[in-house]
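Here's a quick tour of a protein model, written for someone just starting out with structures. Have a look at the picture, then read on.

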Amino acid sequence: MRSMTRYVDEDLHGAEFRECDLTAARLIGVVMQDAVIDGLVTNLMVNGVEVTKYVEAELDRRHPVRVLIRSEDPADLREASRQLHAGWAATIERIRRTPGIERRSVNDEWSAVQTMRHLVFVHDSWFRRCCLGSTELFTPMGIGPTVEPYRGAHGLDLSLDPALDEIVSVRDAQAAELEAWLDEVTAAQLAAPAPVPDDDVWPPYARGRSVRQCLGTVLNETFEHHRFCVRDLDLIELQDVE
């Protein structure tokens, strides 16, 4: 990635930075009103105050399942998985009350069905491959990363357009598979190196991680994408009211 440009006395009103690496970025003497920052944010200084801990504590207060996701206790991880599945089930029922909303998007984000299809891919890649060592093809309806050669590789079929019920059926089966595994897994198994197959299939950077770290990716992705989905459903419903 090329070095970032230095902006001086520029009007960046309404600018959007998407999928950018802003590590060590410095915003000096800026006017920042009604701004939104959403991403992996650590060690963020605002007017001399490190605010990350405040943000993380507030997120934990709003979403207690985050604490369970970070736990090393298999019982906590089982409970986290069940709560995440229950949260998605409630959101899917909300979606069903407004037919068609599942295919609408705002601000160039994924629609609800695209989000769920991505989680199909997350389960196949980060759980089945990285936690179980599976070399089976991914579920065709999954949506993977946009980078080549992974975008349409290892069994993904980009031409598919599955219905909501088809996606929900696959996600329910995946949730049941994960919870059955969590019912049996031990702390020692979680701490072991992830049995990532030695091939060129997503995720290429999982080698060297523990099973627990790979499971953490599955749970975090499930949580974060649910948060994004609910956020966008709220925005769509607000637009319809206005």
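One cut-off to keep in mind: a residue is called buried when its relative accessible area is under 20%, exposed when it is over 50%, and partly exposed in between. Also, bear in mind that this is a predicted model. The protein contains 7 helices and 2 strands, and 37% of its 242 residues are buried.

**Overall build**
- Starting from the N terminus, you meet the elements in the order β-β-α-α-α-α-α-α-α.
- The C-alpha trace spans about 55 × 45 × 40 Å along the principal axes.
- A compact globule of 242 residues would have a radius of gyration near 18 Å, and the protein's 20 Å agrees with that.
- Take the contacts between residues at least 6 apart in sequence: 66% of them join residues at least 24 apart.

**Surface and charge**
- About 15,200 Å² of the protein is exposed, and carbon and sulfur atoms supply 52% of that area.
- There are 26 positive and 42 negative charges, and their mean positions lie 2 Å apart.

**Salt bridges: the general picture**
- Side chains of opposite charge can pair when their charged atoms come close.
- This structure holds 22 salt bridges.
- Asp38, Glu109, Glu224, Arg227, Arg231 and Asp232 are joined in a salt-bridge network.

**A pair within one helix**
- Glu58 and Arg62 form a salt bridge through their side chains, at 2.9 Å from N to O.
- Both sit in helix α1 (residues 52-62), and because they are 4 residues apart there, about one helical turn separates them.
- Glu58 has 26% relative accessibility, so it counts as partly exposed, while Arg62, at 55%, counts as exposed.

**A pair between helices α1 and α2**
- Arg70 and Asp60 make a salt bridge too, with their closest N and O atoms 2.8 Å apart.
- Arg70 belongs to helix α2 (residues 65-70) and Asp60 to helix α1, with their positions 10 residues apart in the chain.
- Asp60 counts as buried because its relative accessibility is 18%, whereas Arg70 is partly exposed at 47%.

**A pair between helices α3 and α7**
- Arg94 and Glu237 meet through their side chains in a salt bridge of 2.9 Å, N to O.
- Arg94 is in helix α3 (residues 74-96) and Glu237 is in helix α7 (residues 211-241), so this pair ties together parts 143 residues apart in sequence.
- With a relative accessible area of 17%, Arg94 is buried, but Glu237 is partly exposed at 30%.

Conventions
Residues numbered from 1 in each chain as written. Predicted model: local features only at pLDDT ≥ 70, side-chain atom pairs only at ≥ 80, totals over all residues. Heavy atoms only, no water. Rg over C-alpha atoms; globule rule 2.2 N^0.38 Å. Buried < 20%, exposed > 50% of the residue type's maximum accessible area, 1.4 Å probe, protein only. Contact = heavy atoms within 4.5 Å. Areas by Shrake-Rupley, 256 points an atom, 1.4 Å probe, with all protein chains shown as cover. Lys, Arg positive; Asp, Glu negative; His and termini not counted. Charge placed at Lys NZ, Arg CZ, Asp CG, Glu CD. Salt bridge = Lys/Arg side-chain N within 4 Å of Asp/Glu carboxyl O.
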